[in-house]
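I opened my notebook for this one with a plain plan: pick one residue, follow its strand outward, then look at the ligand. Here is what I looked up, in order.

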Amino acid sequence: MSTHNDSRHGHGPRHGSAPAPAHAHKHAHAHHRTDIDWEVMATQLETGGDVQLPALRLAAARLKELLGPDHRVRRILDVGSGPGVMTCVLAETFAGAEAVAVDGAPGLLDRALARAGRLGLGDRVAVRHAELPEGLAGTGAGTGDGEGDGEGGEGGVGTADLVWSSKAVHHLGDQQGALKALAGALRPGGLLAVAEGGLPMRFLPRDIGIGRPGLQARLDVALETWFEEMRAELPGSTAVVEDWPELLRRAGLTGARTFTSLLDLPAPLGGPARSYLHAQLTRVREAASDALAEEDLRTLDVLLDPGAPEGILRRPDAFLLAGVTVYTAVRPAH
Ligand SMILES: C[S@@+](CC[C@H](N)C(=O)[O-])C[C@H]1O[C@@H](n2cnc3c(N)ncnc32)[C@H](O)[C@@H]1O
């Protein structure tokens with residue numbers, strides 16, 4: 001059950017995985033350090049998704065509550081799905097539905113299919129290769145009655161009862177336009193759920209015994225600087241007040257709500273969470289080094305040293321605390 005349409009790449013700090021470096025970018029045009037090669041990030045995105053599974057499952061359960069017991073969810077879109085971790089969680093949560101991973105990176109969609117196969121979800125998980133937000137056009141939204149239409153004809157990804165999009169909208173120049181396009185893929189009465197913002201991830205104590213205390217707060221600042229540049233360089237970049245409930249209302253939706261799922265992994269961390277943090281810190285070291293002091297770069301090098309007892313792979317005090325914030329709203333039934 002897989003369909004590929006058309007393509008792209010694009011990238012975030014707390015807003016997503018830390019950026020992949022520009023030198024990894026495979027396209028011929030001029031490289032910026034804010035360009036992202038999503039395929040290079042495949043393992044990091046999937047490990048990150050695996051580590052966040054408890055919070056993703058909570059979020060999916062909450063979406064099911066919000067839709068209500070009588071809402072027959074037949075088709076779900078996960079837009080900007082990456083390797084399909086949440087696509088599979090949604091397929092598990094909504095047992096009668098087809099869940100479709102939509103992304104511009106074919107290698108990530110292949111991962112989504114492989115993951116679905118491993119989890120025994122291959123018959124209900126599909127993929128669509130689409131460049132956003134254009135790839136959402138032609139969904140036929142507005143004509144659907146929610147009963148089997150909107151599989152996605154030429155150039156579209158079809159309509160759905162639930163549209164989920166996590167950490168993808170902030171990679172598109174016109175975020176309000178992107179929300180309108182996502183809302184346009186909803187069937188009447190359907191729910192749009194957008195995971196954006198949330199809390200910056202915490203994983204180290206304030207004083208880690210190396211360098212100047214308060215490193216995480218300074219990494220946040222460096223990443224915000226990177227994030228701002230990344231957004232400024234996106235095609236059609238448009239500044240907007242990131243009042244997500246208001247943006248959802250302006251996209252024509254009603255009943256905007258917000259909830260946050262907590263990811264709370266105390267020390268000592270297991271291997272996958274440590275590998276994920278190591279990959280995150282590697283990206284920060286590469287992408288945000290201009291905005292960090294020499295002393296902090298030296299501290300990062302110790303944290304990244306696989307052999308160092310103070311390194312993130314071995315230190316006993318590393319933990320993982322994160323908040324996934326989800327903004328939801330409904331397409332009016334009439
Ligand atoms: C930060 S990742 C988020 C992945 C996943 N949703 C998650 O929350 O972990 C952003 C995803 O959006 C996709 N993406 C970014 N810009 C895109 C665009 N213009 N068109 C299609 N996909 C895009 C990337 O390929 C990547 O998989």
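**Entry 1: a serine to start from.** I began with S165, which sits in strand β4. A reminder to myself before going further: this is a predicted model.

Is S165 buried or exposed? I looked up its relative accessibility and found 2%, so S165 counts as buried, the cut-off being under 20%.

Next I asked what the side chain of S165 has as a polar partner. I found the backbone oxygen of V79 at 2.9 Å from a polar atom of that side chain.

**Entry 2: the strand around it.** I then widened the view to the whole of β4, residues 160-166. I noted that 7 of its 7 residues are buried, so β4 is largely enclosed by the rest of the structure.

Which strands pair with β4? I noted strand β1 (residues 75-79), parallel to β4 over 3 bridges. I also noted β5, again in the parallel sense, with 6 bridges to β4.

For the register I wrote down the facing residues. On the β1 side, L77 is opposite V163 of β4. On the β5 side, V163 faces L192, and S165 faces V194. I added a textbook note here: side chains in a regular strand alternate between the two faces of the sheet.

**Entry 3: on to β5.** I moved to β5, which spans residues 186-195. Of its 10 residues 8 are buried, so this strand too is largely enclosed by the rest of the structure.

How does the chain connect here? I traced β4, helix α5 (residues 175-184) and β5, and together they form a β-α-β unit that is right-handed.

I checked β5 for another partner and found strand β7, residues 320-330. This pair runs antiparallel and is joined by 5 bridges. In the register, A195 stands opposite V326 of β7.

**Entry 4: the ligand.** I turned to the ligand and asked how many residues surround it. I got 18, the closest being G80, D103, G104, L132 and S166. Sorted by class, that shell holds 7 nonpolar, 7 polar and 4 charged residues.

I then went through polar contacts. A ligand oxygen lies 2.5 Å from an N or O atom in the D103 side chain. For ligand nitrogen I found two backbone entries: a polar backbone atom of L132 at 2.9 Å, and one of G104 at 3.2 Å. How much of the ligand does the protein cover? I noted 93% of the 590 Å² of accessible area that the ligand has on its own.

**Entry 5: the whole chain.** To finish, I pulled the totals. The protein chain has 9 helices and 7 strands. Of its 334 residues, 54% count as buried. The chain exposes about 13,600 Å², and carbon and sulfur atoms supply 54% of that area.

Conventions:
Residues are numbered from 1 along each chain as its sequence is written. This is a predicted model: local features need pLDDT of at least 70, side-chain atom pairs count only at pLDDT 80 or more; totals for chains, interfaces and linings use all residues. Side-chain values use heavy atoms; hydrogens and water are left out. A residue is near a molecule or strand if one of its heavy atoms lies within 4 Å of it. A polar contact is a pair of N or O atoms within 3.5 Å; within protein, one must be able to donate a hydrogen and the other to accept it, and residues adjacent in sequence count only if both atoms are side-chain atoms. Accessible areas come from the Shrake-Rupley method with a 1.4 Å probe; for residues, only the protein chains shown count as cover. Ala, Val, Leu, Ile, Met, Phe, Trp, Tyr, Cys and Pro count as nonpolar, Asp, Glu, Lys and Arg as charged, and the others, Gly among them, as polar. Buried means under 20% relative accessible area, exposed over 50%, partly exposed in between (1.4 Å probe, protein chains only). Helices (H or I, at least four residues) and strands (E, at least two) are DSSP runs, numbered from the N terminus. Two strands pair if DSSP finds at least two bridges between them. A crossover is right-handed if, with the strands pointing away from the viewer, the path from the first strand over the helix to the second runs clockwise.
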